[in-house]
Amino acid sequence: MDWDKLRIFHSVADAGSLTHAGESLHLSQSAVSRQIRALEDEVGATLFHRHARGLLLTEQGELLFSATREMTRMLDTASARIKDAKDDVYGELRVTSTIGFGTMWMTPRLPNLFDAYPDLSVDLVLTETVMDLPMREADVAIRMKEPFQADLIRRKLFDVTIRFFASRAYVEKHGAPETAADLAAHRIVGHSPGYPQIQAGEAFLAPIYAGAHRARATVNNYFGLYTAAISGLGICALPDYLARDVPDLVNVAPDLKSEPTTVYFVYPTELRRSKRVAVFRDFVLDELEKDGLLSG
């Protein structure tokens, strides 16, 4: 099969549209359509169902798309290795992490990385969804859960516990609860139902959120909960690293806390010699050590 046709097919399958694929490839829609028809003639099968809302892959198209995805991944890996074989650290590193950690901890520290490596760029993907590193959805992940895939390298970073925090203004106005029972008399801001969160935190909070401790407001990410706590909206359960060294936040009911959850630095084994991954890993470790968070 012709490599150019496969490249165009992959772009169309990924975009689900001849028009969008043409825009990314800098080709006209008619040119893309001709290449797809020629490829279908080559393989002797229909690759797309055409309908008003776009294109859907046929069974044969799914098989071919699976192959071109793997080809694309291998080419991306080869390109990264070629770039990393040079002495200079440059190019883009795609990093995924949770919204809370990426927004509150990592982003403010990135200037230190860019000062040291001005030719390195970072595409930061903040989501609670676990991205597929072996399929190169990202190069590096910082996860609150140990990965299960065997072809991933992981390094323990630090442990997180969930505790209750409120602003000093809230405590001055409403007092500070000391026990779980005391929380019932306070305004709780909780997690939105069904929102993915640290498993140990969920187990810790479920009985507290029940009954008399029902949350008056809910938020679907830790950044929102942090903002709610700072603004005096109520008492929020937060990962302790978010509230660390924040003078306006008070740890209330200090004896209440979740079991610790280990945070991992994760990347595919095929990037084990990547200079970009190495300098980013060392940057994260250095910053955690400065904060006194790094695990031994």
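Two strands are said to pair if DSSP finds at least two bridges between them. Strands (E, at least two residues) and helices (H or I, at least four) are DSSP runs, numbered from the N terminus. The structure described here is a predicted model, in which local features need pLDDT of at least 70 and side-chain atom pairs count only at pLDDT 80 or more, while totals for chains, interfaces and linings use all residues. Residues are numbered from 1 along each chain as its sequence is written, and side-chain values use heavy atoms, with hydrogens and water left out.

A convenient place to start is the hairpin formed by β1 and β2, which has two residues between its strands. Strand β1 (residues 48-51) pairs with strand β2 (residues 54-57) in the antiparallel sense over four bridges, and His51 stands opposite Gly54 of β2.

Just beyond this hairpin comes Thr58, in the loop between β2 and α4 (59-84). Thr58 counts as buried because its relative accessibility is 5% (buried means under 20%, exposed over 50%, partly exposed in between; 1.4 Å probe, protein chains only). Leaving aside neighbours within four places in sequence, Thr58 is in contact (heavy atoms within 4.5 Å) with Thr46, Leu47, Phe48 and His49.

Turning to the open sheet, five strands are arranged in the order β4-β3-β5-β12-β6, with mixed pairing. Strands β4 (120-126) and β6 (152-160) stand at the edges, each with a single partner strand, so one side of each has no neighbour in the sheet. Within this sheet, β3 (residues 91-97) and β5 (residues 140-143) pair in the parallel sense over three bridges, and Val95 has Val140 in β5 as its bridge partner.
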